[in-house]
Amino acid sequence: MWFDGLTFHATGSFLILRHLIIYFSEGYTGVPSVSTKHWFLLQYKPNSHRLALRNLHRQGFETFLPMLAVTQRHSTKFVQQARPLFPGYMFVSFELDTAPWRKINSTVGVTRLVSFNSRPKALPTDLIAGRSVCNGG
């Protein structure tokens, strides 16, 4: 299979968000780490990213929602707004073995954790490693 000049084997799972393609190979078991805290993908309800962020933070989950500055014209003036880079999706961090991650699916503002075989799959570390660049820090 070809995606933007990269070759992937046909086994495994693909996750496509706009121009970002995340590939999980069959042998991928998660992020090898010193810590057991990993990043996962979460789908939120339409126009509910602020509500989902607030409720996830209240429950003690760390979240990451990359934003994009968009300039729009409203009547005679231009207004700059921050919009989610991946509309409908954000990242959430937790320990899969110890955190009560199943309660994320019933959080107000959240549709579901993106899962494969009814178990969330940790994202590759390279994907989230540059998150401080997106946050401006």
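# A walk through the model, starting at a salt bridge

Select K37 and E62 to begin: their side chains form a salt bridge, with 3.6 Å between N and O. The two residues come from distant parts of the chain, K37 in strand β5 and E62 in strand β6 (residues 62–64), 25 residues apart. Colour them by accessibility and K37 comes out partly exposed, because its relative accessible area is 39%. E62 is partly exposed too, at 28% relative accessibility. Keep in mind as you click around that this is a predicted model.

**Zoom out for a moment**

Show the whole protein chain as a cartoon. You're looking at 3 helices and 12 strands. The chain has 137 residues, and 34% of them count as buried. Its exposed area is about 8,800 Å², with carbon and sulfur atoms supplying 53% of that. Now think about contacts between residues at least 6 apart in sequence: 62% of these join residues at least 24 apart.

**Next stop: the other salt bridge**

The count of salt bridges comes to 2. Select D97 and R119 for this one, where the closest N and O atoms are 3.8 Å apart. Here again distant parts of the chain are linked: D97 sits in the loop between β9 and β10, R119 in strand β12, and 22 residues separate them. Is D97 buried or exposed? D97 is exposed, because its relative accessible area is 69%. R119, at 38% relative accessibility, is partly exposed. As a general point, side chains of opposite charge can pair when their charged atoms come close.

**Along strand β12 to P120**

Stay in strand β12 (residues 119–120) and pick P120. P120 has 4% relative accessibility, so it counts as buried. Which residues does P120 contact, leaving aside neighbours within four places in sequence? They are F40, F94, L96, W101, L113, V114 and S115. If you like checking distances, draw a line between the C-alpha atoms of P120 and R102: it should read 9.6 Å, for two residues 18 apart along the chain.

**Into the core**

L113 was on that list of P120 contacts, so to speak your ticket inside; select L113 now. Beyond its neighbours within four places in sequence, L113 is in contact with F40, L41, L42, V92, F94, W101, I104, N105 and P120. Then show L42, V92, F94 and I104 along with L113: these have the most contacts inside the largest nonpolar core, which has 17 residues. Four elements, β5 (37–44), α1 (49–58), β9 and β10, each supply at least two residues of this core. Apart from it lies another core of 8 residues; to find it, select L41, F86, L123 and I128, which are among its members.

**Last stop: T107**

Go to the loop between β9 (89–95) and β10 (110–113) and select T107. Is this loop residue, T107, buried or exposed? At 4% relative accessibility, T107 falls under the 20% cut-off and so counts as buried. Show the side chain and look for its polar atom: 3.1 Å away is the backbone oxygen of K103. Finally, add N55, L56 and Q59 to the view, which T107 touches when residues up to four places away in sequence are not counted.

Key: Residues are numbered from 1 along each chain as its sequence is written. This is a predicted model: local features need pLDDT of at least 70, side-chain atom pairs count only at pLDDT 80 or more; totals for chains, interfaces and linings use all residues. Side-chain values use heavy atoms; hydrogens and water are left out. Buried means under 20% relative accessible area, exposed over 50%, partly exposed in between (1.4 Å probe, protein chains only). A polar contact is a pair of N or O atoms within 3.5 Å; within protein, one must be able to donate a hydrogen and the other to accept it, and residues adjacent in sequence count only if both atoms are side-chain atoms. Contact means heavy atoms within 4.5 Å. Accessible areas come from the Shrake-Rupley method with a 1.4 Å probe; for residues, only the protein chains shown count as cover. A nonpolar core is a set of buried Ala, Val, Leu, Ile, Met, Phe, Trp, Tyr and Cys residues joined through side-chain atoms within 4.5 Å. A salt bridge is a side-chain nitrogen of Lys or Arg within 4 Å of a carboxyl oxygen of Asp or Glu.
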